[in-house]
Amino acid sequence: MIKNFIDKLLGKAPAGSAKTKKKPSFGRRAEVPASVHGIDPNLVDRRAAEVVHTLKQAGFEAYIVGGAVRDLLLGLRPKDFDVATNATPEQVKQLFRRAFIIGRRFRIVHVVFGRGREHEVIEVSTFRAYLDSAAAEQVSGNEKSSRQALAGVQHAVDASGRVLRDNVWGSQEEDAARRDFTINAMYYDPETQIVVDYHKGIQDAQKKLLRMIGDPATRYREDPVRIVRAVRFAAKLSALGFTLAPQTAAPLAASLPLLADVPPSRMFDEMLKLLQTGHAIASVEQLRKLGLARGIYPLLDMVVERADTPFVRAALLDTDRRVAEGKSVVASFLLACVLWDDVRAAWQQRLHTQHPLPALHEAIDEVFERRIGDVSGRGKLAADMREIWVMQPRFEKRTGNTPFGLVEQPRFRAGFDFLRLRADVGEVEEALAEWWQDFQNADDERRADLIAQAREEQKGQEKSRKRPTKPRRAALPPSEDGTPPTAEPAPSTAADAVADEAADADQPPKKRRRRRRKPAAQGTGAEAGGDASNHADAGTDAGANAAGRNAESGAAPNAVPDSH
């Protein structure tokens, strides 16, 4: 009793009281055989099974882990395979010929199979220890502003409790408690076909429930990106009937301010995972349903806001379709669709005072600064988006050499897909997209016919655009050879002007020819003398005529003629 009184004076919690911190629960290990979980071994990637076999042959524990086990339980073929082991990153690297240690916050190993576009990466991580954030070293700032303070630190958190370093290795049960959702905390051994489950993940999978391990608010504070992951898993599995558990969904909206401390480059990557994994439309619906339509990331807020407009919705549906068909998708195309309205509006504002092509480039620069900001990889991303946008007015010009040069552009296919979407929503004529579809797949003879057809259509459009009262133009003087002068029609739209400027840039400069005067005949004797006086008079007349011509043209009398 006296001890409890002294502890109370000193601010210590008495033993057995509610203030005593409980030891975290690591769950109970359950080994589920193949007859119960029903995973099809044929769905397991042979390279992932090879990594597991190599690690076990070296005396380590190794399992396929995470979302791959979840998909296998649901009868789906996983897109990516991750492996967890008790070997350290250095030990894993020594066992494989092409293995690379990456990451500072969490050190993992990428084991690479194959080369080029057909290569496959198996991500191998070491079991991590369950550590209390209160015992971690606390630093101010984030990963970028606290690099010196984080040097050599194994476990560190920032002022809000977000984990900045976590490279302390532990056991499998601790590693399972560190994972986010119960259905992502299962371990599958492809050799024994046993699933190790600590947190009733198989039961939650059968109930189609997404449940966070531990206290959800604390887990979101440890890593705020788990907010976005919760939305992504809910969107991905919504078609299968999965829903977020009420306790998991409740703190999401209140935890949004935690995302302000996450580096923009990481948030940009998480946004792309939401929109480019085949569930873009479902992700937008989940964000609205959970009250997260605004506040995660500015560019993502714009996608959600414009998701119901015809053009952006067509782009999101097209992205989901390509992923479902196993085709590649790039961030530049989707973002170019989302920001197209901004580019067009800024372009139209500048057309009153600038030439069309410089105005378009300046409008693109403004949109980049206002909407994208400074994110990792913006240089390549911006270059691809700019190329897609600048191609659009060039599609309007289908005569001359422009079509041949355009189809040879590296980003032509992306630019054409962009044009196709514009045609699908009625922004441009369907016939224009059909013409380019035929031109890119045609042979030389068919391409010549298509250009001739486009030329005839252009002449018909010019005739239909003639005004009823057309002012008479002053007659131009005939050329030196007597042929009547011809004048090129002015571009009718800003798009035509941009196309003409781009086409002229592709053409080589024309050479100018100079006329040479015939040499005067030389005479002898009195005939030469007589000719000399005549030449003197002719020279005087020629000089006077030349001075007159120079005065009319605005050139100096002694100006050196231009030479090319």
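Contact here means heavy atoms within 4.5 Å of each other. Keep that in mind for the exercises below, and note that this is a predicted model.

**Exercise 1. Work out which residues W389 touches beyond its neighbours within four places in sequence, and how W389 fits into the nonpolar packing.**

Solution. Start with the partner list: L335, A336, L339, W340, V343, L360, I364, F368 and F418 are in contact with W389 once its neighbours within four places are left out. Next, zoom out to the core. The largest nonpolar core has 74 residues, and I296 and W389 have the most contacts inside it. Helix α18, residues 356–372, supplies the largest share of this core, with eight residues. There's also a second, separate core, made of 29 residues, with L55, V69, F81 and A87 among them. As background, nonpolar side chains tend to be buried together in soluble globular proteins.

**Exercise 2. Find where the model is confident and where it isn't.**

Solution. First, take the overall picture: the mean pLDDT of the protein is 79, and 70% of the residues score at least 70. Then go to the extremes. Strand β2 (residues 62–65) comes out highest at a mean of 97, while helix α25 (residues 525–553) is lowest at 41. Finally, check the stretches with pLDDT below 50. Residues 485–490 form one of them, with five contacts in the model beyond near neighbours in sequence. Residues 521–564 are also below 50, and that stretch has eleven such contacts.

**Exercise 3. Lay out the eight-stranded open sheet and say which strands sit at its edges.**

Solution. Write down the order: β1-β11-β10-β2-β3-β6-β5-β4, with mixed pairing. Now look at the two ends. β1 (30–32) and β4 (99–102) each have a single partner strand, so each has one side without a neighbour in the sheet. Ignoring direction, neighbouring strands of the sheet are turned by 30° against each other on average. For a closer look at one pairing, take β2 and β10 (residues 186–189): they run antiparallel and are joined by two bridges. I64 has Y188 in β10 as its bridge partner.

**Exercise 4. Sort out three salt bridges, asking how far apart the closest N and O atoms are and where the partners lie.**

Solution. The structure holds 36 salt bridges, and we'll go through three of them.

- Step 1: R107 and E90 meet at 2.7 Å, N to O. R107 is in the loop between β4 and β5 (108–113) and E90 is in helix α5 (residues 89–95), so to speak two distant parts of the chain, 17 residues apart. To class their exposure, use the partly exposed range, which lies between 20% and 50%. R107 has 24% relative accessibility, so it counts as partly exposed. E90, at 38%, is partly exposed too.
- Step 2: E222 pairs with R226, with 3.4 Å between the closest N and O atoms. Both E222 and R226 are buried.
- Step 3: R386 and D365 have their side chains in a salt bridge at 2.4 Å, N to O. This pair also links distant parts of the chain, with R386 in helix α19 (residues 378–394) and D365 in helix α18, 21 residues apart. D365 is partly exposed, at 36% relative accessibility.
- Step 4: Shared partners tie R306, D342, R350, E362, E366, R370 and R371 into one salt-bridge network.

**Exercise 5. Decide whether D384 and E50 are buried or partly exposed, and place each one in the fold.**

Solution. Take D384 to begin with. D384 lies in helix α19. Its relative accessible area is 9%, so D384 is buried. Outside its neighbours within four places in sequence, D384 is in contact with S332 and R411. Now for E50, which lies in helix α3 (residues 46–57). At 39% relative accessibility, E50 counts as partly exposed. E50 and P190 are 140 residues apart in sequence, yet their C-alpha atoms are 9.6 Å apart in space.

**Exercise 6. Put together the overall numbers: how many helices and strands are there, and what share of the residues is buried?**

Solution. Count the elements: 25 helices and 13 strands. Then take burial, where 42% of the 564 residues count as buried. Last, look at contacts with a separation of 6 or more: residues 24 or more positions apart account for 65% of them.

Methods: Residues numbered from 1 in each chain as written. Predicted model: local features only at pLDDT ≥ 70, side-chain atom pairs only at ≥ 80, totals over all residues. Heavy atoms only, no water. pLDDT = per-residue confidence, 0-100. Helix = DSSP H or I, 4+ residues; strand = E, 2+ residues; numbered from the N terminus. Pairing = 2+ DSSP bridges. Axes fitted to C-alpha atoms, helices over the stretch in contact; angles between N-to-C directions. Core = buried A, V, L, I, M, F, W, Y, C linked by side-chain atoms within 4.5 Å. Buried < 20%, exposed > 50% of the residue type's maximum accessible area, 1.4 Å probe, protein only. Salt bridge = Lys/Arg side-chain N within 4 Å of Asp/Glu carboxyl O.
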